[in-house]
Amino acid sequence: MADEITLEVARFRPGEDTEPVLQSYQVPLREQWAVLDGLSYIKDHLDGTLSFRWSCRMGICGSCGMTVNGDPQLSCATFLTDYAPGPIRIEPLHNFPVIRDLVVDIGDFMDKLPTVKPWLVRDVHSPLEEGEYLQTPEELEDYQQYSMCINCMLCYSACPVYALDQDFVGPAAIALAQRYNLDSRDEGADERLAVLSSPEGIWSCTFVGECSAACPKGVDPAGAIQRYKLTAATQAIKGLLMPRSRR
Amino acid sequence: MTVYERPVHLLWWLERRSYLLFVLRELSSVFVAWTVVYLLLLVNAVSDGPASYQRFLDRSGEWWMVAINVIAMLFLLLHVVTWFGLAPRAMVVKARGRRVPPRQIVAAHYFAWLVLSAIVAWLVLR
């Protein structure tokens, strides 16, 4: 195995560059090093001006999403040796405005997320002395995979619909809405319906499926969206047939 | 704040195999629509009598019509296979409190296809 590998890193310096340019760096090729370790090596030893986001380094925080050789990846969970002998091209997440180098503006996602109310909504809260809201293992299984979402936005980067239509609510936000809709303790499905079943919601999705392929946590946002299409269609038909009944 | 927004290339759907497959799947809807129109033309020709039916058969035997229908059949197969493959992602079916495995949902779709095809074949060939 070679001692070093080349990282071709997209650099964008606002005010200096009109578009990103690739800059090559030689970093040590170590078996246990992820792409993020290579970038940290550049930052610490070769070029302190390189900007990128990271936090936990263990695939939990969702901060270090980048485009590695064309694919959206968590840079802390993508190992250099898997791309040897290189070079490895590292770009910011696609479909988001680039602020600097590998740092993107995630404001659009942060604005959309609360619109689907990704928290437990209750009509009436039980008194504390009544204890926890109990759930069976089967009820937990209904939503558990969607609760694994870490908001890393790799799914938005992989989604061609979001690339073409930035009004699309997007895969992660809809999957997180489903995480609560399918939770037996939640009573907020009606409140999420308007946003989810709007033209910018589930109906924008054309089931390309790349969001699910890109997800590093095994969430299936594409599946969540298709499941909700069935729910929304059923609700719409119920509304037509029984206009006075409560949803 | 100056930001860089990556433009979406006109041929973005050629960038990945999955994007290309998706666009072909969407395009297959046109051939589904064509097949429906073709079947309606067939029904119309049959209802107009033997001479009209014969004209329909003659026109259907033209090389260009055969070519269109062969392409349409390939797209129909792509449409069916891809949508049946995706069905378990949209349908979560539970039986006796347990989730029915995705393979069984796909198998049920193919079985329903087989049964419907057999019924149509029986109606046409009896």
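Author: Before we start, a nonpolar core here is a set of buried Ala, Val, Leu, Ile, Met, Phe, Trp, Tyr and Cys residues joined through C-beta atoms within 7 Å. Keep in mind, too, that this is a predicted model.

Reader: Thanks! So how many residues does the largest nonpolar core have?

Author: The largest nonpolar core has 62 residues, and A:Cys155 and A:Ile174 have the most contacts inside it.

Reader: Nice. Which helix gives the most to this core?

Author: That would be helix H6 of chain A, residues 171–181, which gives seven residues. The core also draws at least three residues from each of domain 1 (4–104) and domain 2 (107–241) of chain A.

Reader: Back to A:Cys155 for a second. What is A:Cys155 in contact with, leaving aside neighbours within four places in sequence?

Author: A:Cys155 is in contact with A:Pro171, A:Ala172, A:Cys211, A:Ala214, A:Cys215 and A:Pro221.

Reader: Switching topic: how many residues of chain B are in contact with chain A?

Author: On the chain B side there are 17, in contact with 27 residues of chain A. H1(B) provides the largest share of that side of chain B, four residues. By class, the side divides into ten nonpolar, three polar and four charged residues.

Reader: And inside chain B, at what angle do the axes of H1 and H2 cross?

Author: Roughly 145 degrees, with the axes of H1 (residues 17–47) and H2 (residues 50–60) of chain B coming within 6 Å. B:Leu41, B:Leu42, B:Ala45 and B:Val46 of H1(B) make the contact with B:Ser52, B:Tyr53 and B:Phe56 of H2(B).

Reader: Which classes are those residues of H1(B) and H2(B)?

Author: Six are nonpolar, one is polar and none is charged.

Key:
Residues are numbered from 1 along each chain as its sequence is written. Chains are lettered from A and ligands numbered from 1 in the order in which they are written. This is a predicted model: local features need pLDDT of at least 70, side-chain atom pairs count only at pLDDT 80 or more; totals for chains, interfaces and linings use all residues. Axes are lines fitted to C-alpha atoms, for helices over the stretch in contact, and angles run from 0 to 180 degrees between N-to-C directions. Helices (H or I, at least four residues) and strands (E, at least two) are DSSP runs, numbered from the N terminus. Two residues are in contact if their C-beta atoms, placed from the backbone, lie within 7 Å. Ala, Val, Leu, Ile, Met, Phe, Trp, Tyr, Cys and Pro count as nonpolar, Asp, Glu, Lys and Arg as charged, and the others, Gly among them, as polar. A residue is buried if 20 or more other C-beta atoms lie within 10 Å of its own, exposed if 12 or fewer, and partly exposed in between; C-beta atoms are placed from the backbone. Domain bounds come from an automatic or database domain assignment.
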